[in-house]
Amino acid sequence: MSTPSTTRIVGANVPRKEGVDKLLGRACYVDDIDRDGMWHGATVRSSIPRGLIRSIAFDRRIDWSEFAIVTAADIPGENCIQLIVADQPCLADGKVNHCEEAILLLAHPDKHKLREAVGAVQIEYEPLQPIFTIEESERQDVAVWGADNLLKSFLLEKGDVDSAWAHAARIIEGEYRTGAQEHLYIENQGVIAEYSAESGVTVWGSLQCPYYVFKALRAVFDLPEDKVRVIQTETGGAFGGKEDYPSTLACHAALLAMKSGHPVKMVYDRMEDLAATTKRHPSCVRHRTAVDRNGKLLAMEIDLAADGGAYATLSSTVLSRATLHSTGPYVCPNIRLHARSWATNYVPYGAFRGFGAPQAIFAMERHMDEIAAAIGIDPIELRRRNFLHVGDTNATEQLMREPVILDQLLDRALKESDYHARRAQFARENPASPVKRGMGIAAFYHGSGFTGSGEVYLNSLGGIDVMPDGKVRVLVSNTEFGQGTNTILTQIAAEALGIDYADVTMAAPDTGVVPNSGPTVASRTSMVIGRIIERACSQLLELLREHAGLGATYTPAEFFAACERYRALHGEVVSLCRYEAPPGIVWDDQRYHGEAYGAYAWAVYVAQVAVDTVTYSAEVEDFWAVQEVGRVLHPVLAAGQIEGGIAQGIGYALYEKVVWQDGRMANNQMTNYIMPTAEDVPPIHVSFEEIPFQFGGFGAKGLGELPHDGPAPAILNAIRDATGVAFNSIPLLPEDLYLGLAAAQPAEETAAR
Amino acid sequence: MSTNESATSSKRWPAIRFNVNSEARIVKVPPMKRLLDVLREDLHLTGTKEGCGEGECGSCSIRMNGELVNSCLVPVLQVEGADIQTVEGLALDGALHPLQEAFLCHGGAQCGICTPGMLMAAAQLLERSPNPDMPQIREALAGNLCRCTGFIRIFESVAAAVDAQSASPATKLTTEQMHHAR
């Protein structure tokens, strides 16, 4: 195991691998690419949330002979986007289940002719009753998906909840809600597709998971592996939003390419992107918790419901992660957790940074403060009394074998934020001030990598090769979309091979070039893929020592000379490795029991919030983020991930509201979907504790999703501290603050008299 | 309105003359065509990005006669005779602009899609106020949305560029040297 002092490149702030191209404006995003003879595509979408398609008519004012027109009837293979459950059509065929569902595709050489043409396709529907809330879906009066609207459910049980209530000093109940959230990557979804009978389908696009798109295209076109190729272009932000949706868009563009005989580009504008693509699952979580008189958790009963939208997409795995993060980083002997994802007639909800964990952690961490208030214990102390430690088991009875340093993280967060002094100061100042300040905290973990047996099932293959030009290439299907994949994986390879950072490049993220090392999701890249690359490098060094005379110590020049000797003997210099699970990872998918994740990242976040009781605005004034994420491979990139995730979390808590009108997003513009700006983000103080994880790449665990988990509960806990009012629903906008504070005021005034 | 068949060479549209990154350009395109599209489609300067198309995100920020503008909101007829600077004109003589260098070292760019606009906004600030404080930096960048960084490293990058400008310029790396880092 390496330590920080023994590495040269891992742990150093090397320049971002593709940074210069991005800074010079020459990085090539999909909309920057033109293909010879390229046409442009557009989508005719459902204008109703649910119904049968009665007729499709084409207005005669358009010369339709200029257009390529694609319907479900043109699909050569299966009319279905392959993901987990095969329920979502590539193009609606006879019925629609949400607004903006794709019905028909158009392509034309001139993109400016498409808007009018889309409007000139008239679709008549026979409307069916839609469902717009979790509660309606739960009632099952109307079945919009399957027989019962239930996309997925999990039951997790530990101990004996039913006997625990009798021994409780207090039982505290609460209900917590979270809203939809838009990814708002600044680069909209986009792809270019080409088709020929000889070479099949080729797609270039802004996407996270080339092999997901590959799988989807194969099914829709009924093509063998060698007739489908997917290439990721520079990707301008993703956050989960380009995990599943690009599969649909790629199929659409490729169908148009096949029909038109031309390359076809489809790049959404912002309004279409916001209206038609996935968002974070809304949730409603009910907690019922038994505690003893010292605040020790005795039993938890949790009922978690998520709105999955019209199709299953990734709802089952989002629900899984929500389930596994619902009980927080605490010890509780008796747990019963029912989690259900319900179908509604909204655009399907999808992956978004945190993947269900932010919803579950919002509920748990908000609830902890309500428990503390109910039993009169400081919220800090309540958490401390219940923290997991090494040797404890969590909700799935996973034994904590790796170090758990929650106490240390908490102490550091309290110290760095000067928590107690600030709280005392605000308690003195608030009564006389129209601006009420408060401090709030959230403690949480985030599991790294796929859940349970997921990584074994993925069976990722990745590695390196050495090119004749004297460059090592990292061969993975894991993609760069800002988070630093290119940089950290080349750092790891350079470190492990003992060569310079500049000597390592990334192979093109092209399914024709790189093996399937799995999707770029689930905070798995640094830990899981990083480890595969590290092992592939060791494996190559062994080969070179055995077959090409590489010495025990060597210079970079000697390394490359040995590579050339090896090439002369074997034709190529390549080293690939498959994922190997850490020992003792046993997971029971039926009982939801066992080692849910190979490793956890741990964190304690603190928010300082000011609530203006004149304007009813809440502002995060300062923020502290203390976390243990294993070895930090690149401090600047890592801090950038944390800060960016916290800003998104602040938006999730206080700004970002998807406004629905009859199943459509009504505020599908940046003018009225509001994210935090440079004027809104507070100072963010990021600190890391580093405990290398021996089964991660150079000791790394995952950190990309972690920072989205903590801000919302920390902020709402701070608002409770500031105002004395419990707000249990996000986003919390000024109008919500007004209603909550106004409702609480008479009681307060009465008390004051 | 159609553009593809009426690109630079078309005789149907009057010529519009302006300078882009100190180079004289002539385009013959529909006069209401967005400057953003003229830059990207007719002049093949794709460094300027579209994020929202309605002047909210600032990704298409360029400098026009010394003012920072959203090029998605400017019809090309308005640039007759104007001096335009895009991200492609920021690095000079093969050397990264101090802002580009600072963004590279301090994590100011993640996915990179807001970066060209962010750099132009920052360049505008530094020209107007060579020694901005943090509130000035925040205000100057408030029209440019970044979804990756939470802005913190962008602020630090701009502050570092300010420091670098006041220090000796001798340590500047050329773009070629930086590129060798790849």
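**Salt bridges and contacts in a two-chain model**

Modeller: Over all chains of this predicted model, the rule arrives at 65 salt bridges. The model being predicted, local features need pLDDT of at least 70 and side-chain atom pairs count only at pLDDT 80 or more, while totals for chains, interfaces and linings use all residues. Side-chain values use heavy atoms, with hydrogens and water left out, residues are numbered from 1 along each chain as its sequence is written, and chains are lettered from A and ligands numbered from 1 in the order in which they are written.

Colleague: Why is the pair of Arg385(A) and Glu381(A) called a salt bridge?

Modeller: The term asks for a side-chain nitrogen of Lys or Arg within 4 Å of a carboxyl oxygen of Asp or Glu; the N to O distance between Arg385(A) and Glu381(A) is 2.9 Å, so the pair meets the rule. The two residues stand 4 apart in helix α10 (residues 379–386) of chain A, which means that about one helical turn separates them. Helices here are DSSP runs of H or I with at least four residues, and strands are runs of E with at least two, numbered from the N terminus.

Colleague: What makes Arg385(A) count as buried, partly exposed or exposed?

Modeller: Buried means under 20% relative accessible area and exposed over 50%, with partly exposed in between (1.4 Å probe, protein chains only). Arg385(A), at 33%, therefore counts as partly exposed, and Glu381(A), at 30%, belongs to the partly exposed class too.

Colleague: Where do Arg153(B) and Glu643(A) lie, and why does it matter for the two chains?

Modeller: Arg153(B) sits in helix α5 (residues 152–166) of chain B and Glu643(A) in helix α17 (residues 635–654) of chain A, so this pair joins two chains. Their closest N and O atoms are 2.8 Å apart, which makes the pair a salt bridge by the rule. Arg153(B) has a relative accessible area of 11% and is therefore buried, and Glu643(A), at 2%, is buried as well.

Colleague: Which class, buried or partly exposed, fits Glu41(B), and which fits Lys33(B)?

Modeller: Glu41(B) is partly exposed at 26%, whereas Lys33(B), at 3%, is buried. The two form a salt bridge, with 3.1 Å between the closest N and O atoms.

Colleague: What makes up the contact between chain B and chain A?

Modeller: Contact means heavy atoms within 4.5 Å, and by that rule 54 residues of chain B touch 62 residues of chain A. The buried area, which is the accessible area (1.4 Å probe) that two parts lose on being put together, summed over both, is about 4600 Å² for this pair of chains, with 55% of it from carbon and sulfur atoms. There are 6 salt bridges between chain B and chain A, and Asp32(A) with Arg40(B) also meets in a salt bridge, at 2.8 Å from N to O. The two chains further share 27 residue pairs in polar contact, both residues at pLDDT 80 or more; a polar contact is a pair of N or O atoms within 3.5 Å, where within protein one must be able to donate a hydrogen and the other to accept it, and residues adjacent in sequence count only if both atoms are side-chain atoms.

Colleague: Which helix of chain B gives the most to the side that touches chain A?

Modeller: That is α2(B), with 5 residues. By class, this side of chain B holds 23 nonpolar, 18 polar and 13 charged residues, where Ala, Val, Leu, Ile, Met, Phe, Trp, Tyr, Cys and Pro count as nonpolar, Asp, Glu, Lys and Arg as charged, and the others, Gly among them, as polar.

Colleague: How many helices and strands does chain B have?

Modeller: Chain B has 6 helices and 5 strands, and buried residues make up 56% of its 182 residues.

Colleague: What parts is chain A divided into?

Modeller: An automatic or database domain assignment gives domain 1 (4–28 + 460–578), domain 2 (33–128 + 183–276) and domain 3 (283–451 + 591–752) of chain A. The C-alpha centres of domain 2 and domain 3 of chain A are 37 Å apart, and their contact takes 29 residues from domain 2 and 28 residues from domain 3.

Colleague: What is the count of salt bridges between domain 2 and domain 3 of chain A?

Modeller: The count is 1 salt bridge. Arg664(A) and Glu100(A) form a salt bridge, and their closest N and O atoms lie 3.0 Å apart, so the distance satisfies the 4 Å limit.
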